[in-house]
Amino acid sequence: MTKALFINGSPRKNSNTAQLLKRAMDGAREAGAEVEMVNLYDRSLNYKGCMSCFACKIKGGKKGICSFKDDMKPILEKAMEADVLVCGSPVYCHYPSANFRAFMERLIFPAVNYSDFMHPIVNKPKHSAAIFTMNCPSDEMYQGNGYDILMDTSARQLGMFGPAAILRSYDTFQFNDYNRYDAAQIDAAHKAAVHETQFPKDLENAFELGKHLVEQANADVL
């Protein structure tokens with residue numbers, strides 16, 4: 001059975017990023033995949049980003065996967081075994097979350113082939129996607145702020161393992177009650193309207209993304 005792994009790089013397990021990932025999981029499940037979600041901010045997990053130990057580059061060593069032993073190692077092993085990998089993160093200060101970046105460092109660097117940069121070390125090809133959620137109000141603002149350079153690089157790195165896609169959800173609803181917060185420049189009514197009208201469309205796009213990725217992975221096997 002096709003395995004689909006979903007990585008939640010948000011501290012929140014039920015907010016925008018998680019909801020989109022869960023909807024993508026629904027699509028993957030409908031397409032026949034075995035699905036699993038990992039929450040990187042789970043308090044039971046103790047891990048770091050790349051430790052620059054270079055164990056993944058030692059001659060005769062195990063290639064393509066991080067060797068550092070902490071709570072990230074079993075997650076990376078699941079990622080390597082997955083046929084479909086979907087990673088989600090909110091945008092913090094123009095970048096994906098710190099835990100998302102730590103995961104990406106540990107996932108990507110071992111695949112970088114120091115003997116042939118044009119041919120990464122891929123133990124198992126996969127179909128991948130990155131889902132980003134942000135307070136940024138529009139595609140135009142996204143491009144104008146350089147988010148496409150600062151953030152989408154993370155998503156494109158997934159292309160080392162096979163076809164990769166990006167789904168963005170703009171103008172997200174951050175607070176249940178905007179009156180509680182010092183956010184005078186945020187139009188709460190506008191945010192509520194976007195959440196009611198656009199976010200359901202983003203959820204359906206996530207569903208179709210998850211479904212499509214699994215269908216592509218299934219087609220590779222045939």
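These legends go with close-up views of pockets, a cavity and helix contacts in a predicted model.

**View 1. The largest pocket, with Arg12, Asn16, Pro90, Tyr92 and Gln174 nearest its centre.** This pocket holds about 260 Å³ of space. Its lining is made up of 15 residues. If you want to find your way around by secondary structure, look for helix 1 (16-30) and strand 3 (84-92), as each of them gives at least two residues to the lining. Strand 3 has the largest share, with 3 residues. Sorted by class, the lining of the largest pocket comes out as 8 polar, 6 nonpolar and 1 charged.

**View 2. The second largest pocket, with a volume of about 180 Å³.** Here 13 residues do the lining, and those closest to the centre are Arg12, Ser15, Gln174, Phe175 and Asn176. Arg12 and Gln174 may ring a bell from the previous view, where they are among the residues nearest the centre of the largest pocket. The class count for the second largest pocket is 7 polar, 3 nonpolar and 3 charged residues.

**View 3. The largest cavity, with four cysteines and a phenylalanine nearest its centre.** Those residues are Cys50, Cys53, Cys56, Cys66 and Phe109, out of a lining of 15. The model has 1 cavity of 30 Å³ or more, and the volume of the largest cavity is about 110 Å³. Its lining breaks down into 10 nonpolar, 3 polar and 2 charged residues.

**View 4. Helix 1 crossing helix 8 (residues 199-221).** The two axes come within 6 Å and cross at roughly 40 degrees, so helix 1 and helix 8 are oblique to each other. Their crossing is right-handed. On the helix 1 side, the contact is made by Asn16, Gln19, Leu20, Arg23, Ala24, Asp26, Gly27, Ala28 and Glu30. Facing them from helix 8 are Phe199, Asp202, Leu203, Glu204, Ala206, Phe207, Gly210, Lys211 and Val214. Put into classes, the contact of helix 1 with helix 8 has 8 nonpolar, 6 charged and 4 polar residues. Asn16 is worth a second glance: besides taking part in this contact, Asn16 is one of the residues nearest the centre of the largest pocket.

**View 5. Helix 7 (residues 188-197) packed against helix 8.** The axes of this pair are 3 Å apart, at an angle of about 35 degrees. Helix 7 brings Val194, His195, Glu196 and Thr197 to the contact, and helix 8 brings Phe199, Pro200 and Lys201. That makes 3 nonpolar, 2 polar and 2 charged residues in the contact of helix 7 with helix 8. Phe199 of helix 8 touches helix 7 here, and Phe199 also belongs to the contact with helix 1.

**View 6. Helix 2 (residues 72-81) meeting helix 3 (residues 98-108).** In this view the axes come within 10 Å and cross at roughly 60 degrees. Helix 2 and helix 3 are therefore oblique to each other, and their crossing is right-handed. Met72, Lys73, Ile75, Leu76, Ala79 and Met80 are the helix 2 residues in the contact, and they meet Phe103, Arg106 and Leu107 of helix 3. No polar residues turn up in the contact of helix 2 with helix 3, which has 7 nonpolar and 2 charged ones.

Note on methods. Residues numbered from 1 in each chain as written. Predicted model: local features only at pLDDT ≥ 70, side-chain atom pairs only at ≥ 80, totals over all residues. Heavy atoms only, no water. 1 Å grid on protein atoms, 1.4 Å probe; cavity = no way out; pocket = protein on both sides within 12 Å on 5 of 7 lines; lining within 4 Å. Points joined across faces, edges and corners; volume = space filled by probe spheres on them. Helix = DSSP H or I, 4+ residues; strand = E, 2+ residues; numbered from the N terminus. Nonpolar A, V, L, I, M, F, W, Y, C, P; charged D, E, K, R; others polar. Axes fitted to C-alpha atoms, helices over the stretch in contact; angles between N-to-C directions. Parallel < 35°, antiparallel > 145°, perpendicular 65-115°, else oblique. Left-handed = near helix turned anticlockwise from the far one by under 90°. Contact = heavy atoms within 4.5 Å.
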